[in-house]
Amino acid sequence: DQKPLFALFFTMYVVSLVGNLLIILAICYDTQLQTPMYFFLSILSFIDVCYTTTIVPKMLVNFLSKKKSISYAECMTQMYFFLAFANTESYLLAAMAIDRYVAICDPFHYITVMSHRHCVLLVAFSCSISHLHSLLLVLLINRLLFCDSNVIHHFLCDINPLLKLSCSSTFVNEVVLNTEGLITLVTPFICVIISYLRILTAVLKIPSAAGKHKAFSTCGSHITMVTLFYGSIIYVYFRPLSTYTVQDRVATVIYTVLSSMLNPFIYSLRNKDMKRGLGKLMSRRVS
């Protein structure tokens, strides 16, 4: 199965890279897309490129190698950036939900509340808190002893499979993961839920069906991404370590490789402004 899997994931990786880079270029070149929503989308696409590049190239090498190995330093580095980019994406999805909330529920103050400075601060906060969280978890993993099996039952260095390999106590790691880790992950998810509950309340007050449809249409792509991303993450991490199975690896593929690949399609196919921006970009390249 190695060669078909290599072909599958190589195709997904190329599609993800090309799609996300096109999104970034379209937003940079089209002045009509210079808004907070598309600013966050361009950062999200950049994070997706970094995210998949942290994971997929090593996976592709392993598909074609007889000796599928990774050094301890490489493993810790991969886990650090994987967790940092995953958490950054989580906070960015929350920032995008807040943006939609302000645009629909408080449009008169939208320019003031979602100013470029505030958007940059939100991105800076997302990156900072995510990297600190990742550093903490990697330092806690680094203090463990690995003296038995060195076979990682996963396609990347993730927390749960490494904890299962340790022959020392993982109590502190699990406590931190279930408290600090839970807070770090749940906080942006709660922001998303509250934002959309407020949006739903505001939209239901709109008298015309056309007005309701227009308001909901601006949120459809984001809701799809949130469902895909958080649904698979909750399935993997919100369960006891002892229940970790092959299904968790499949779920990890969804919120890492698959969501990054689908992101450009979800946002471009469901968005007239993005279609126009991509059209302008393509026509500029052709000319």
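The lining of the largest cavity comprises 13 nonpolar, five polar and no charged residues. The model is predicted. In this model, the volume of the largest cavity is about 250 Å³. Its lining numbers 18 residues. Nearest the centre of the largest cavity lie N87, H133, G181, L185 and Y237. Four helices give two or more residues each to this lining: α3 (72-105), α5 (116-142), α7 (171-204) and α9 (220-237).

The cavity count is two at a threshold of 30 Å³ or more. The second largest cavity holds about 50 Å³ of space. L137, L140, I141, I159, N173 and L177 form its lining. Two elements, α5 and α7, give two or more residues to the lining of the second largest cavity. The largest share is that of α5, with three residues. By class, the lining of the second largest cavity has five nonpolar residues, one polar residue and no charged residue. Charged residues are likewise absent from the lining of the largest cavity.

A further feature concerns the surface. F10, V14 and V18 make a nonpolar surface patch of about 230 Å². F10 belongs to helix α1, which spans residues 2-29. The relative accessible area of F10 is 40%, so F10 counts as partly exposed. The cut-offs for this class are 20% and 50%. F10 also meets the patch criterion, because patch residues need over 30% relative accessible area.

Technical notes. Residues are numbered from 1 along each chain as its sequence is written. This is a predicted model: local features need pLDDT of at least 70, side-chain atom pairs count only at pLDDT 80 or more; totals for chains, interfaces and linings use all residues. Side-chain values use heavy atoms; hydrogens and water are left out. Patches are made of residues with over 30% relative accessible area and no salt bridge: like charges are joined within 9 Å, nonpolar side chains (Val, Leu, Ile, Met, Phe, Trp, Tyr) within 5 Å. Accessible areas come from the Shrake-Rupley method with a 1.4 Å probe; for residues, only the protein chains shown count as cover. A salt bridge is a side-chain nitrogen of Lys or Arg within 4 Å of a carboxyl oxygen of Asp or Glu. Buried means under 20% relative accessible area, exposed over 50%, partly exposed in between (1.4 Å probe, protein chains only). On a 1 Å grid over the protein atoms alone, a cavity is a set of points where a 1.4 Å probe fits but cannot get out, and a pocket is an open set with protein on both sides within 12 Å along at least five of seven lines; lining residues have an atom within 4 Å of a point. Grid points are joined across faces, edges and corners, and a volume is the space filled by probe spheres set on the points. Ala, Val, Leu, Ile, Met, Phe, Trp, Tyr, Cys and Pro count as nonpolar, Asp, Glu, Lys and Arg as charged, and the others, Gly among them, as polar.
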